[in-house]
Amino acid sequence: MKIIIRSAKIIDSKSPFHNQTVDLLIADGLIEKIGTSILDIDDTTEVKFNNLHLSQGWFDSSVSFGEPGYEDRETIANGLNTAAKSGFTAIALQPNSYPVIDNQSQVNFVKNKANGFATELFPIGALTKASEGKDMAELFDMKKSGAIAFGDYNKSLGNANLLKIALQYVQDFDGLVIAYSQDANIKGNGVANEGIVSTRLGLKGIPNLAEELQIARNLFLLEYTGGKLHIPTISTAKSVELIKEAKAKGLKVTCSVSVHHLVLTDEKLEGFDTRFKVTPPLRSEADRKVLINAVLDGTIDMITSDHNPIDIEFKKMEFDTAKNGTIGLESAFGALLTVLPLETVILKLTSRNVFGLENNTIEEGSKANFTFFTPEGKSTFTKENILSKSKNSAFLGTEIKGSVYGILNQNQLVITK
């Protein structure tokens, strides 16, 4: 298949064509030619959009679907199509299915289900069996089958010795441990950020300390063991400070932040709307501003949608009993452009090297792994924009910027409209 992409502005700081508007000729999934005006060729597909921008394909490091076990929330097929039309050419799939992805056969199952799609699926294996935090899962076998990291989704490991052993064990095969950080005892029965809003609403609070204490512990363990540690979806100013200090020491630690923690705050809870009940909880405006600055200065390595579909019956409940989570693939790009400059957004959405995945610079001879988009225009995110089976989006009714036109990956072209 041959494709000519017309008048695309390249956003790729490592490319010699960065910030240039060019044509690109793609042949059999590879960039054959980049120039200012490529002549028409027979039997080619032309890609042309208003104010077309093009970057390396986006990667989302924390996506939950449901299959196997929770197909009513989301299937792998519809989830990957949703990711593609949201601009993502690759996603890391969390292990929180039923059964949990904690062995070689489960890794093979989700990988086989993802065959043939434009968006690639990279499984995250559970760190402990059934994500129960008691016994270490079959990490090496899962690594051989294609798991790119190991962690128990939104579950903090209470057993410090087990995390220590895991960090030591994975060094034999260059594995990456993911340590969600929230002290269960300090969190208690909390459902919202501990602060003025939770007090005013009468909601049980989760103090920042619940996250920070666990991060401090996990960083001490990393300093003792060596190895590589990824701390996902941090949410407080002190967490940023702790990770910045650890990086200054030379520890191999990376971290991510969710889109909703960069854009929204606990003020959204005023109406007790369970769409805003997430883990970790939405924090204060002061925390949000520190997170934004940490993205800009490089302390935060990645941004994730933390896409987590939840059945409507588990969201249409009292705030205290509703499940945590929001979908986020469809709204990620547009929401981020409201708080961050374009080049920063693209950089943080393409930092797949944190998970040991290759980045393809946009130059002749490289693999064609692209996201098509425009940063121009404003719109309101509505249910019509949701492609997921579940509709639990925290961004419904929110103004967003720009739009995604589609992706090109695996020699497949997916256009949103």
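**Charged and nonpolar features of the predicted model**

Phe140 is located in helix α3, which spans residues 139–145. The structure described here is a predicted model. With a relative accessible area of 35%, Phe140 is partly exposed. Together with Ile165 and Tyr169, Phe140 forms a nonpolar patch on the surface. The accessible area of these three residues together is about 230 Å².

A patch of another kind, negative in charge, is formed on the surface by Asp28, Glu32, Glu363 and Glu364. Within this group, Asp28 is placed in the loop between β2 (21–27) and β3 (30–35). The relative accessible area of Asp28 is 58%; because values over 50% count as exposed, Asp28 is classed as exposed. Glu364 lies in the loop between α12 and β16 (370–380). Its relative accessibility is 45%, and Glu364 therefore counts as partly exposed.

The surroundings of Glu364 bring together residues that are far apart in sequence. Glu364 and Lys33 are separated by 331 residues along the chain, yet their C-alpha atoms are 5.6 Å apart in space. When residues up to four places away in sequence are left out, Glu364 touches Ile31, Glu32, Lys33 and Ile34. One of these contacts, Glu32, is also a member of the negative patch.

The structure holds 16 salt bridges. One of them joins Lys113 to Glu67, with the closest N and O atoms 3.1 Å apart. This pair links distant parts of the chain, since Lys113 belongs to helix α2 (residues 104–113) and Glu67 to the loop between β6 (58–63) and α1 (76–85), 46 residues apart. The two partners are covered to unlike degrees: Lys113 is partly exposed at 38% relative accessibility, whereas Glu67 is buried at 9%.

A salt bridge is also formed between Lys228 and Asp174, where the closest N and O atoms are 3.2 Å apart. Lys228 lies in the loop between α7 (208–225) and β13 (229–231), and Asp174 in the loop between α4 (160–169) and β10 (177–178), so this pair ties together parts that are 54 residues apart in sequence. Lys228 is partly exposed, with a relative accessible area of 26%, while Asp174 is exposed, with a value of 52%.

Two helices are connected by the salt bridge between Lys244 and Asp297, in which the closest N and O atoms are 3.2 Å apart. Lys244 is part of helix α8 (residues 237–248) and Asp297 is part of helix α10 (residues 285–297), and the two residues are 53 residues apart. Lys244 counts as partly exposed at 41% relative accessibility, and Asp297 is likewise partly exposed at 45%. Elsewhere, Arg6, Asp23, Asp40 and Glu46 are joined into one network by salt bridges that share partners.

Lys348 presents a contrasting case of a charged residue. It is found in helix α12 (residues 342–349). Lys348 is buried but has no salt bridge. The nearest side chain of opposite charge is that of Asp301, at a distance of 6.0 Å. Not counting residues up to four places away in sequence, Lys348 touches Val295, Gly298, Ile300, Asp301, Met302 and Ile303. Asp301 is thus both a contact of Lys348 and its nearest side chain of opposite charge.

Key: Residues numbered from 1 in each chain as written. Predicted model: local features only at pLDDT ≥ 70, side-chain atom pairs only at ≥ 80, totals over all residues. Heavy atoms only, no water. Patch = residues over 30% accessible without salt bridge, like charges linked within 9 Å, V, L, I, M, F, W, Y side chains within 5 Å. Areas by Shrake-Rupley, 256 points an atom, 1.4 Å probe, with all protein chains shown as cover. Salt bridge = Lys/Arg side-chain N within 4 Å of Asp/Glu carboxyl O. Lys, Arg positive; Asp, Glu negative; His and termini not counted. Charge placed at Lys NZ, Arg CZ, Asp CG, Glu CD. Helix = DSSP H or I, 4+ residues; strand = E, 2+ residues; numbered from the N terminus. Buried < 20%, exposed > 50% of the residue type's maximum accessible area, 1.4 Å probe, protein only. Contact = heavy atoms within 4.5 Å.
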